[in-house]
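Colleague: I have a new model open and would like to learn how to read it. Could you walk me through it?

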Amino acid sequence: MIISEIGDHENLLESLKNGDKNAFKSIFNIYYKRLCVFALHYVDDQFAAEEIVEITLLKLWQKRSKADKIKNLKSYLYTMVRNASIDHNKKEKKFVRLEIEKHDSVSQKNQFIIEEETHAILFQALEKLPEKCRKVFELSCLDGIKYKDIAEDLQISLNTVKSQRARAIELLKKELKYHPLFQILLATF
């Protein structure tokens with residue numbers, strides 16, 4: 001699977017270089033949320049993180065004629081976002097979080113990327129759930145709200161909350177069947 005992703009990214013880069021707006025849209029859709037989560041580790045401001053990512057992706061489009069110089073699109077984008085986040089903090093005269101500033105090592109960067117990738121996988125799976133299932137799952141499992149309160153807030157019966165939660169867990173297990181970490185996590189719900 002990793003090989004096909006690399007091939008897909010090479011094709012996207014080649015198409016991007018040729019001015020293909022659909023290739024840019026694909027890159028945007030693949031990386032936008034992930035890069036926003038990554039930028040948040042540096043700037044602690046959702047709006048600033050989104051702006052940094054948007055500017056980074058815009059620069060990618062503007063410099064698309066030089067896309068053949070990019071060896072690894074993912075690494076390139078993460079590095080650009082990281083550097084732009086640090087620049088943002090300098091311009092705003094804010095300090096980068098102390099632990100990042102002191103321990104900005106490769107392993108910590110990888111940890112951020114793994115966390116971001118994990119969140120992205122979960123959010124993609126959640127987006128595929130029917131709306132009521134997703135809402136009940138998020139409220140009960142992610143936010144820890146009691147069934148009774150969910151039933152009142154959503155104006156549904158207690159049994160509906162229980163059945164929608166169980167349905168969401170089963171659908172997520174199917175969707176995330178190739179991700180053992182999520183299988184273990186879902187088993188705890």
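Modeller: Happily; we will go from the overall fold to a helix pair, a pocket and a single residue. Keep in mind that this is a predicted model.

Colleague: Let's begin with the fold. How many helices and strands does the protein chain have?

Modeller: There are ten helices and zero strands in the protein chain. Read from the N terminus, the order of elements is therefore simply α-α-α-α-α-α-α-α-α-α, as each run is numbered from that end.

Colleague: What share of the residues is buried?

Modeller: Of the 189 residues in the protein chain, 35% are buried. You can also look at the contacts: among those between residues at least 6 apart in sequence, 62% join residues at least 24 apart.

Colleague: Now the helix pair. What describes two packed helices?

Modeller: Two packed helices are described by the angle between their axes and the distance between the axes. Here, take helix α2 (residues 21-43) and helix α3 (residues 46-62): the angle is about 145°, and the axes lie 8 Å apart. The crossing of α2 and α3 is right-handed.

Colleague: Which residues make that contact?

Modeller: From α2 the contributors include F24, I27, F28, Y32 and L35, while α3 brings, among others, I52, V53, L57, L60 and W61. Sorted by class, the contact of α2 with α3 has 16 nonpolar, one polar and three charged residues.

Colleague: On to pockets. How much space lies in the second largest pocket, and what lines it?

Modeller: The second largest pocket holds about 240 Å³ of space. Its lining consists of E51, I52, I55, T56, K59, M80, A84, D87, H88 and K91. The elements giving two or more residues to this lining are α3 and α4 (73-91). I52 is worth selecting in your viewer, since I52 lines this pocket and also takes part in the contact of α3 with α2.

Colleague: And how does the lining divide by class?

Modeller: Four of the lining residues are nonpolar, two are polar and four are charged.

Colleague: Last, one residue. Is L171 buried or exposed, and why do you call it that?

Modeller: Neither: L171 has a relative accessible area of 30%, so it counts as partly exposed, a class that lies between under 20% for buried and over 50% for exposed. L171 sits in helix α9 (residues 158-175).

Colleague: What does L171 touch, leaving aside its neighbours within four places in sequence?

Modeller: L171 is in contact with L129 and P130. P130 is 41 residues from L171 in sequence, with their C-alpha atoms 9.6 Å apart in space.

Technical notes:
Residues numbered from 1 in each chain as written. Predicted model: local features only at pLDDT ≥ 70, side-chain atom pairs only at ≥ 80, totals over all residues. Heavy atoms only, no water. Axes fitted to C-alpha atoms, helices over the stretch in contact; angles between N-to-C directions. Helix = DSSP H or I, 4+ residues; strand = E, 2+ residues; numbered from the N terminus. Left-handed = near helix turned anticlockwise from the far one by under 90°. Contact = heavy atoms within 4.5 Å. Nonpolar A, V, L, I, M, F, W, Y, C, P; charged D, E, K, R; others polar. 1 Å grid on protein atoms, 1.4 Å probe; cavity = no way out; pocket = protein on both sides within 12 Å on 5 of 7 lines; lining within 4 Å. Points joined across faces, edges and corners; volume = space filled by probe spheres on them. Buried < 20%, exposed > 50% of the residue type's maximum accessible area, 1.4 Å probe, protein only.
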